[in-house]
Amino acid sequence: MKSTSQSINIDQLNLLMELVGKINSNLELDKLLREIMDSAKIIMDTEASSLFLLSDDNSKLTLTIPTGPATAELSGKSIPANQGLSGWVVQNVEPVIVKDVQKDSRFAGELSVSSSFTTKDLICVPLVNHNGKVIGALQAINKKNPEELTEELIPVFQTLANQAAIAIENAKLQQQRIEKELMDKELEVARTIQSGFWPKEVPNIPNYRIAGCSKPAKSVGGDYYDYIPIPGTNRWGFTVADVTGKGVPASLLMATMRASLRSHVENNNNVGDSINRVNKLIYEDSPIDKFITAVYGELDTETHTFNYVNAGHNNPYLLDVHNHKLTQLEVGGVMLGIMDPVDFKGDSIKLYSGNKLILFSDGIPEARNKEGNFFSDEAFEDWLMEHKSLSPSQMMMNLLKTIDNFSKGQPQSDDITLIIIERVQ
């Protein structure tokens with residue numbers, strides 16, 4: 001015949017296996033925490049239980065969802081990670097049994113509320129994950145039969161706590177995976193929307209060849225390029241812009257600029273006035289730390305003049321293929337969104353046969369390799385001269401390949417955007 005203590009141990013072992021199975025089958029964090037604390041009450045046969053989780057910086061212990069009286073008052077409250085019995089357990093990575101908490105000085109730092117519930121005794125063990133890292137503490141409070149509160153309970157309770165810690169880590173990883181999948185889906189939607197803002201096709205303009213592209217550094221970017229037909233005229237608008245920062249916030253501000261620019265250029269004959277109006281909207285509606293650099297110009301396809309405004313952007317290049325000459329268009333002003341009003345002064349150039357106009361963002365000269373070196377303005381200028389005879393589309397594809405080769409697999413640090421306009425004859 002088995003002894004009573006042996007029967008109890010076997011019963012506890014069977015119960016432990018059953019409770020661990022329930023815990024490990026639950027990957028939803030809130031439900032898992034409740035399951036753990038219910039299991040702690042059941043296996044220790046106590047009135048209440050509590051579970052403290054250690055913050056990422058190891059500075060505090062937060063009570064998750066306690067069971068028993070005073071649940072609403074205590075849930076979510078925190079104590080310093082070195083205070084209370086739970087703090088002692090976490091710091092020392094040792095379990096404790098306290099038969100009279102009022103006589104234990106460590107209990108002074110524990111959470112308490114004005115309540116009819118009184119903590120008399122407790123058993124507290126550290127939550128240790130599979131890497132041996134302490135992530136919190138598990139308590140069972142007020143043993144229904146205080147005489148059974150002995151050291152023999154610790155191995156069973158510690159085993160439950162260790163399994164609980166592993167389950168908590170798995171649930172957190174699952175939650176992170178779900179959140180990442182949701183974010184990836186949202187970014188994919190944002191990328192699709194943003195790509196819809198870019199030109200669907202290259203303008204078919206007599207005597208001209210044109211190429212353009214934008215390559216975001218992230219799923220969505222802050223660069224913008226566009227070809228804008230001006231209704232009722234022989235003019236085409238061209239722009240390259242760069243919003244400070246990257247990602248979704250930058251792409252949202254880019255969308256705002258696109259809508260504003262397209263609206264104003266269709267009803268305006270002066271590029272400076274159009275950019276002034278865009279600047280006013282960006283200044284009024286954008287966050288204080290967000291700005292836009294942009295170059296916008298309009299090509300008159302009959303007179304072959306290009307009237308442009310530069311708002312703090314990289315100076316465009318004018319490449320004279322026949323005369324082997326490369327010059328910068330240096331007239332410029334402040335970035336969009338810094339102040340209002342601003343009087344943007346533009347300039348005008350004439351395009352002749354063999355001329356190429358290059359509008360670009362700083363993602364080209366500021367591309368980096370593994371050694372941390374920039375591609376640089378000088379290298380870009382040399383490259384343009386060496387490849388001046390290529391068509392715009394050939395130049396664009398070769399330039400992107402050159403930058404990829406230069407970077408040697410280094411992640412793209414900034415959006416890369418480019419428009420090349422060539423007058424053929």
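Visitor: In which strand does Asn355 lie?
Guide: This is a predicted model. Its strands are numbered from the N terminus, and the one spanning residues 355-360 holds Asn355. That strand is E15.

Visitor: Is Asn355 buried or exposed?
Guide: The relative accessible area of Asn355 is 3%. The cut-off for buried is under 20%. Asn355 therefore counts as buried.

Visitor: Which residues is Asn355 in contact with, leaving aside its neighbours within four places in sequence?
Guide: Asn355 touches residues from several stretches of the chain, including Lys350 and Asp320. The full list is Leu318, Leu319, Asp320, Lys350, Ile421, Glu422 and Arg423.

Visitor: Glu422 is in that list. Which residues are linked with Glu422 in a network of salt bridges?
Guide: A salt bridge here needs a side-chain nitrogen of Lys or Arg within 4 Å of a carboxyl oxygen of Asp or Glu. In this network Glu422 is joined by an arginine and a lysine. They are Arg209 and Lys356.

Visitor: How many salt bridges does the count come to?
Guide: The 4 Å rule sets what is counted. Among the pairs that pass are Lys143 with Glu148 and Arg235 with Glu298. The count comes to 12.

Visitor: How many residues apart are Lys144 and Asp45, which form a salt bridge?
Guide: The closest N and O atoms of Lys144 and Asp45 are 3.9 Å apart. Lys144 is in the loop between strand E6 and helix H5, while Asp45 is in the loop between helix H2 and strand E1. The pair links distant parts of the chain, and the separation is 99 residues.

Visitor: Which accessibility class does Lys144 fall into?
Guide: Its partner Asp45 has a relative accessible area of 31%, so Asp45 is partly exposed. Lys144 has a relative accessible area of 57%. The cut-off for exposed is over 50%, so Lys144 is exposed.

Visitor: Is Lys143 buried or exposed?
Guide: Lys143 meets Glu148 in a salt bridge, at 3.9 Å from N to O. Glu148 is partly exposed, at 39% relative accessibility. Lys143 has 7%. Lys143 therefore counts as buried.

Visitor: Which strands hold Arg235 and Glu298?
Guide: The side chains of Arg235 and Glu298 meet in a salt bridge of 2.8 Å, N to O. Both residues are buried. They are 63 residues apart, with Arg235 in strand E9 and Glu298 in strand E10.

Visitor: What does the side chain of Asn310 reach at 2.7 Å?
Guide: Asn310 is found in strand E11, residues 305-311. At 2% relative accessibility it counts as buried. Its side chain also makes a polar contact of 3.4 Å with the side chain of Asn315. At 2.7 Å, what it reaches is the backbone nitrogen of His313.

Visitor: Which elements do the buried residues of helix H4 pack against?
Guide: Helix H4 covers residues 84-92, and its buried residues are Gly84, Leu85, Ser86, Gly87, Val89 and Val90. After H4 comes Val93, with a positive phi near 50°. The buried residues pack against E1, E2, E4, E5 and E6.

Visitor: Which residues make the nonpolar surface patch of about 320 Å²?
Guide: One of them is Tyr283, which lies in helix H7. Tyr283 has 39% relative accessibility and so counts as partly exposed. The patch is made by Tyr283, Val334, Ile338 and Met339.

Visitor: How many disulfides does a search of the whole structure find?
Guide: Cysteines are present, among them Cys124, buried with a relative accessible area of 0%, and Cys213, buried with 13%. A disulfide needs two cysteine sulfur atoms within 2.5 Å. The number found is 0.

Visitor: What share of the residues in the protein is buried?
Guide: The protein has 9 helices and 16 strands. About 20800 Å² is exposed, and carbon and sulfur atoms supply 50% of that area. Of the 425 residues, the buried share is 48%.

Definitions and conventions. Residues numbered from 1 in each chain as written. Predicted model: local features only at pLDDT ≥ 70, side-chain atom pairs only at ≥ 80, totals over all residues. Heavy atoms only, no water. Helix = DSSP H or I, 4+ residues; strand = E, 2+ residues; numbered from the N terminus. Buried < 20%, exposed > 50% of the residue type's maximum accessible area, 1.4 Å probe, protein only. Polar contact = N/O pair within 3.5 Å; in protein donor to acceptor, adjacent residues only side chain to side chain. Patch = residues over 30% accessible without salt bridge, like charges linked within 9 Å, V, L, I, M, F, W, Y side chains within 5 Å. Areas by Shrake-Rupley, 256 points an atom, 1.4 Å probe, with all protein chains shown as cover. Contact = heavy atoms within 4.5 Å.
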